[in-house]
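The following exercises are to be worked with the sequence and the coordinates at hand. Each task is followed by a stepwise solution.

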2 protein chains.
Amino acid sequence: MLKDPQHELLVDIRKQMALYSVSTISELSKVTHVSFPTIKKMIDDMIVRGEVIEHGQKAPEGGRPAKSYGYNPEFRHCLTLYIEAREIRYRLIDCQHQIVEDGVSLITDSHLEALGELVDPFIEDKTKIGAISVGVAAAVDMGRIVFAPEYPSLAHLDLKHWLMERTGLPVVIENDMNAAVYGFSKRDETTTHQSIVYLGLGKNGPGAGILFDGHVARGQSGFSGEVSFLPLYDDASFYDRIKDKPYGPNVLKKEEIDALGRLVATFAATLNPHAFIFSDVDLVQEDLLRINRACERYLPSRHIPVLRIGQWEEDYFSGLARLGIELTLETIQRGDV
Amino acid sequence: MLKDPQHELLVDIRKQMALYSVSTISELSKVTHVSFPTIKKMIDDMIVRGEVIEHGQKAPEGGRPAKSYGYNPEFRHCLTLYIEAREIRYRLIDCQHQIVEDGVSLITDSHLEALGELVDPFIEDKTKIGAISVGVAAAVDMGRIVFAPEYPSLAHLDLKHWLMERTGLPVVIENDMNAAVYGFSKRDETTTHQSIVYLGLGKNGPGAGILFDGHVARGQSGFSGEVSFLPLYDDASFYDRIKDKPYGPNVLKKEEIDALGRLVATFAATLNPHAFIFSDVDLVQEDLLRINRACERYLPSRHIPVLRIGQWEEDYFSGLARLGIELTLETIQRGDV
DNA sequence: ATGACTTATTAAAATATTTTAAAAAGTAGA
DNA sequence: TCTACTTTTTAAAATATTTTAATAAGTCAT
């Protein structure tokens with residue numbers, strides 16, 4: 001079967017409009033490498049179906065002012081949520097990341113029942129949901145939970161398939177650190193196409209999300225970013241030196257700083273990423289300089305990535321939002337209203 | 001300016017024919033996702049220009065046998081070479097990796113002069129060379145040598161630009177480990193789209209080439225794969241534990257095995273690659289099992305990459321060949337004969 | 001050998017896309 | 001205000017690509 005070039009172009013136009021606010025036909029023509037008349041036809045069709053709204057004119061820049069178009073935020077919504085040990089946090093958003101509704105659902109019985117009961121009302125609702133994205137603190141392979149210390153009841157479950165069956169909607173399942181690093185890179189445009197690492201120390205041990213040139217690294221066995229196991233000392237791993245740190249952001253002890261400096265050095269001498277992100281639930285700004293100094297003991301400073309502190313919950317939700325919106329925009333069918 | 005879809009299709013057809021031996025129009029139509037008649041027109045044109053040769057018929061598989069076409073190995077050649085401390089090894093190849101001519105050129109004076117004198121005769125020759133690929137034991141950024149312990153005279157030189165000026169041909173410059181890992185992945189089809197690491201212990205210290213989902217990792221500052229600096233012990237780096245190893249393949253000492261086991265563990269717990277390749281100039285087959293056992297001390301064995309021994313010179317040349325051929329096929333202009 | 005089936009090729013018609021040229025709608029300066 | 005200039009939009013013509021149908025060339029079972 002041949003691929004449908006029109007569908008790919010349509011998806012590209014949607015993403016440019018909804019995700020990057022490209023609003024004129026000229027601009028769309030440039031970024032998609034497709035001619036003006038072709039874009040115009042697509043947009044006209046999208047206006048008829050209610051997917052695109054015609055705004056006024058753009059401020060002119062020396063010539064005839066361009067008409068401005070925008071992606072209709074009401075056309076599709078997207079349900080994003082993440083599952084923790086005892087609660088599920090969710091946000092219903094539009095395709096421009098705006099929150100329509102949000103909340104928390106406590107888990108009383110099984111994780112799966114709680115998830116089902118949270119999702120059902122959204123499906124019955126007349127609101128048009130295009131896709132669901134789910135974050136889990138577990139290793140995920142093709143939508144299947146392969147290792148889940150935080151909620152053993154979900155282990156080995158094909159969560160993606162289960163949720164698709166229950167809702168009839170496209171579903172994407174992602175690991176928490178992978179979602180966070182993806183979300184961070186999309187929130188901060190300077191890092192979008194770079195290689196970055198996002199470290200979370202977590203309640204059940206540390207983990208890292210790794211982005212390579214903007215693509216999430218999953219690894220051969222879903223083990224990528226399991227930095228606990230790094231042999232950084234004669235008789236101790238990274239985890240050994242970090243496991244006694246009290247939960248929450250605080251000023252770190254000297255040996256914790258050294259362990260983190262070695263961790264950064266390890267990435268600098270292998271992947272050599274542009275940025276290394278720590279989480280605001282783990283440490284505070286003043287720790288960064290100390291970590292940087294610790295890292296300088298191991299390699300020249302110009303190879304050390306930029307050290308930053310990310311906003312964990314926002315980055316996590318951003319990654320899920322992005323994944324959900326992309327899936328929504330990719331799965332709208334030709335002719336859908 | 002719009003991109004030229006016809007040119008991209010043409011390049012795709014060339015690569016499928018020359019690099020993957022796709023020989024019938026039906027197959028080309030499938031792999032390129034372009035219709036049969038369109039491919040047919042392109043092929044007819046390529047035959048007229050001498051770029052493609054019509055062979056006989058393919059063995060039929062139940063229906064009308066397909067005509068078989070092949071990329072003309074005489075249409076363009078490609079010069080590949082790598083620069084070492086005291087010599088330059090070169091191979092003139094066709095677009096199907098076949099060696100047309102090879103040799104070694106000793107460096108008496110400066111590296112640059114030797115390179116120029118080696119290249120010049122090939123340019124004057126009537127043989128049609130499509131591109132030149134050059135391997136160096138140095139950090140390369142956009143064709144510029146940024147760090148070169150092995151040949152200081154080339155440091156900070158824009159070698160790509162220099163060679164393009166001198167020859168008027170497209171040129172690609174690549175780091176030795178990057179070329180080797182790329183070459184290995186193309187020679188071994190099972191690893192082509194995987195993540196793999198290729199380690200060379202080298203004369204001037206170790207270095208690794210890293211492939212992520214088939215793409216070479218270059219890093220933020222060209223420092224990727226500089227594993228010398230890895231802090232693997234309380235007071236010692238990877239380099240400290242490996243630097244006294246005698247040059248050449250031999251059975252390793254216990255502490256060298258441990259250092260390599262830790263190195264493999266470091267990659268397994270970060271990138272989690274499919275395979276980890278050692279070089280046949282550094283160690284022998286029986287070392288691999290020992291390294292694997294050493295690695296098992298640090299993490300569960302199912303996450304350890306497959307350990308293998310590569311053929312250094314062949315892998316290096318293969319990577320350069322591949323880069324050169326790709327560049328050749330990409331830069332043939334419409335209408336060239 | 002014949003007919004049913006399979007796959008490849010060719011030719012013609014239908015679509016889709018780009019290119020070109022002309023018209024429209026603004027700014028800026030004389 | 002008029003003219004020159006710039007950029008967007010529209011319309012028409014030229015290209016490129018795909019789809020459909022018809023034809024060609026083989027295999028296999030009977």
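**Exercise 1: Contacts to DNA strand C**

A polar side-chain atom of A:Gln6 lies 3.2 Å from a phosphate oxygen of DNA strand C. The model is predicted: local features need pLDDT of at least 70 and side-chain atom pairs pLDDT 80 or more, while totals for chains, interfaces and linings use all residues. Residues are numbered from 1 along each chain as its sequence is written, chains are lettered from A and ligands numbered from 1 in the order in which they are written, and side-chain values use heavy atoms, without hydrogens and water.

Task: Identify which elements give two or more residues to the surface near DNA strand C, and describe how the residues of that surface divide by type.

Solution.
1. Polar side-chain atoms of B:Ser26 and B:Lys40 also approach phosphate oxygens of DNA strand C, at 3.4 Å and 3.1 Å respectively.
2. The elements sought are helix H3 (36–48) of chain A and helix H3 (36–48) of chain B, helices being DSSP runs of H or I with at least four residues and strands runs of E with at least two, numbered from the N terminus. H3(A) provides the largest share, three residues.
3. Around the strand there are 23 residues, of which A:Ser35, B:Lys40, B:Gly63, B:Arg64 and B:Lys67 come nearest; a residue is near if one of its heavy atoms lies within 4 Å. Of the DNA atoms that come within 4 Å of the protein, 68% belong to sugar and phosphate.
4. The surface comprises seven nonpolar, ten polar and six charged residues. Here Ala, Val, Leu, Ile, Met, Phe, Trp, Tyr, Cys and Pro count as nonpolar, Asp, Glu, Lys and Arg as charged, and the others, Gly among them, as polar.

**Exercise 2: Strand E3 of chain A**

Task: Determine whether the residues of E3(A) are buried or exposed, and state how E3(A) pairs with E4(A) and E6(A).

Solution.
1. Seven of the seven residues of E3(A), 77–83, are buried, that is, under 20% relative accessible area with a 1.4 Å probe and protein chains only.
2. In a regular strand, side chains alternate between the two faces of the sheet. One side of E3(A) carries A:His77, A:Leu79, A:Leu81 and A:Ile83, the other A:Cys78, A:Thr80 and A:Tyr82, all buried.
3. With E4(A), residues 87–94, the pairing is antiparallel over seven bridges; strands pair if DSSP finds at least two bridges. A:His77 stands opposite A:Asp94, and a hairpin of three residues joins the strands.
4. With E6(A), residues 129–136, E3(A) runs parallel through seven bridges, A:Leu79 being partnered by A:Ile132.

Technical notes
Buried < 20%, exposed > 50% of the residue type's maximum accessible area, 1.4 Å probe, protein only. Polar contact = N/O pair within 3.5 Å; in protein donor to acceptor, adjacent residues only side chain to side chain.
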